[in-house]
Amino acid sequence: MKNMRYEGTFDTRASEWIGDLTVWKRQNAADNSERLARLRRSLRQAREQELTPRQRQMLALYYDQGMNIPQIAQELGVNRSTVSRTLRRARDRLYRCLRYAL
């Protein structure tokens, strides 16, 4: 696809309106802090109760320690595909547990 460029004149009134709308949306946005706190508690509980020990271990290495899949595979002595599949299954299981918590 070609690089598209705006060729018309820049309307400052339109940009001011967009800026005003952005400010209004920020000021009138609902406070989601309670929902986020509940979701974090539910996630912590689901990680402890719903995942296998291996899934918990790999999730901790990937998300908490910031390791990538090849590093985890080398650390645990397994194939990269095993790590990838285990992480996918863990995320799927957490999603099934938490999808209604939102």
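In what order do the elements of the protein run from the N terminus on? They run α-α-α-α-α, as seen in this predicted model.

**Figure 1. Overview of the helices of the protein.** The predicted model contains five helices and zero strands. The protein has 102 residues, of which buried residues make up 16%. Among contacts between residues at least 6 apart in sequence, 54% join residues at least 24 apart.

**Figure 2. The crossing of helix H2 and helix H5.** Helix H2 spans residues 33-50 and helix H5 spans residues 80-98. Their axes come within 10 Å, and the angle at which they cross is roughly 125 degrees. H2 is therefore oblique to H5, since an angle of this kind falls outside the range of 65 to 115 degrees that counts as roughly perpendicular and is not over 145 degrees, where roughly antiparallel begins. The crossing of H2 and H5 is right-handed.

**Figure 3. Residues at the contact of H2 with H5.** On the side of H2, the contact is made by Ser42, Leu43, Ala46, Arg47 and Glu50. On the side of H5, Arg93, Leu94, Cys97 and Leu98 take part. Sorted by class, the contact of H2 with H5 has five nonpolar residues, one polar residue and three charged residues.

**Figure 4. The surroundings of Arg56 in helix H3.** Helix H3 covers residues 53-64, and Arg56 is found within this helix. With a relative accessible area of 29%, Arg56 is partly exposed, because this value lies between the 20% under which a residue is buried and the 50% over which a residue is exposed. When its neighbours within four places in sequence are left aside, Arg56 is in contact with Arg47, Glu48 and Leu51. One of these residues, Arg47, also belongs to the contact of H2 with H5 shown in Figure 3. Arg56 and Thr86 are 30 residues apart in sequence, and their C-alpha atoms are 9.6 Å apart in space.

**Figure 5. The aromatic pair of Tyr62 and Tyr63.** The structure holds one aromatic pair. This pair is formed by Tyr62 and Tyr63, with 4.8 Å from centre to centre and 85 degrees between the planes. The arrangement is edge-to-face, because planes over 60 degrees apart count as such. How accessible are the two partners, Tyr62 and Tyr63? Tyr62 is partly exposed, with a relative accessible area of 29%. Tyr63 also counts as partly exposed, at 46% relative accessibility.

Technical notes
Residues numbered from 1 in each chain as written. Predicted model: local features only at pLDDT ≥ 70, side-chain atom pairs only at ≥ 80, totals over all residues. Heavy atoms only, no water. Axes fitted to C-alpha atoms, helices over the stretch in contact; angles between N-to-C directions. Helix = DSSP H or I, 4+ residues; strand = E, 2+ residues; numbered from the N terminus. Parallel < 35°, antiparallel > 145°, perpendicular 65-115°, else oblique. Left-handed = near helix turned anticlockwise from the far one by under 90°. Contact = heavy atoms within 4.5 Å. Nonpolar A, V, L, I, M, F, W, Y, C, P; charged D, E, K, R; others polar. Phe/Tyr/Trp six-rings, centres within 6.5 Å; stacked < 30°, edge-to-face > 60°. Buried < 20%, exposed > 50% of the residue type's maximum accessible area, 1.4 Å probe, protein only.
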